Amino acid sequence: MTYSQMWNNAGNEAEILYLEQQIMAIKKEIKRAKTAEQQEILDQANRKLTELEAKLDELEE
């Protein structure tokens, strides 16, 4: 493996970790929004969750 490939993999690992943390935070926000019956916030959080999961799927491929 070249240095460039190792550097790229390290960057992907960091981005994957960041996305996983963001997904966990959004899931907590969704839970709070459901509890508080805040539909607008719930809709926004669900859209953000979909975006984050799509990015994560791309990186994991």
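## The nonpolar core

A nonpolar core is a set of buried Ala, Val, Leu, Ile, Met, Phe, Trp, Tyr and Cys residues joined through side-chain atoms within 4.5 Å. Here buried means under 20% relative accessible area, exposed means over 50%, and partly exposed lies in between (1.4 Å probe, protein chains only). The largest such core in this predicted model has 11 residues: Ile-16, Leu-19, Ile-23, Ile-26, Ile-30, Ala-33, Leu-42, Ala-45, Leu-49, Leu-52 and Leu-56. Helices H1 (3-35) and H2 each supply at least two of them, and H1 gives the most, with six. Helices are DSSP runs of H or I, at least four residues, numbered from the N terminus.

Now look at Ile-30. Apart from neighbours within four places in sequence, Ile-30 is in contact (heavy atoms within 4.5 Å) with Leu-42, Ala-45, Asn-46 and Leu-49.

## The two sides of H2

Which residues of H2 are buried? They are Leu-42, Ala-45, Leu-49, Leu-52 and Leu-56. Seen down the axis of H2, these residues fall within an arc of 90° (taken from the directions from the helix axis to the C-beta atoms), so they line one face of the helix. The face turned away from that buried side carries the exposed residues Glu-40, Thr-50 and Glu-58.

Asp-57 also lies in H2. Asp-57 counts as partly exposed because its relative accessibility is 46%.

## How to read the model

Residues are numbered from 1 along each chain as its sequence is written. Local features need pLDDT of at least 70 and side-chain atom pairs count only at pLDDT 80 or more, while totals for chains, interfaces and linings use all residues; side-chain values use heavy atoms, leaving out hydrogens and water.

Terms used. Helix = DSSP H or I, 4+ residues; strand = E, 2+ residues; numbered from the N terminus.
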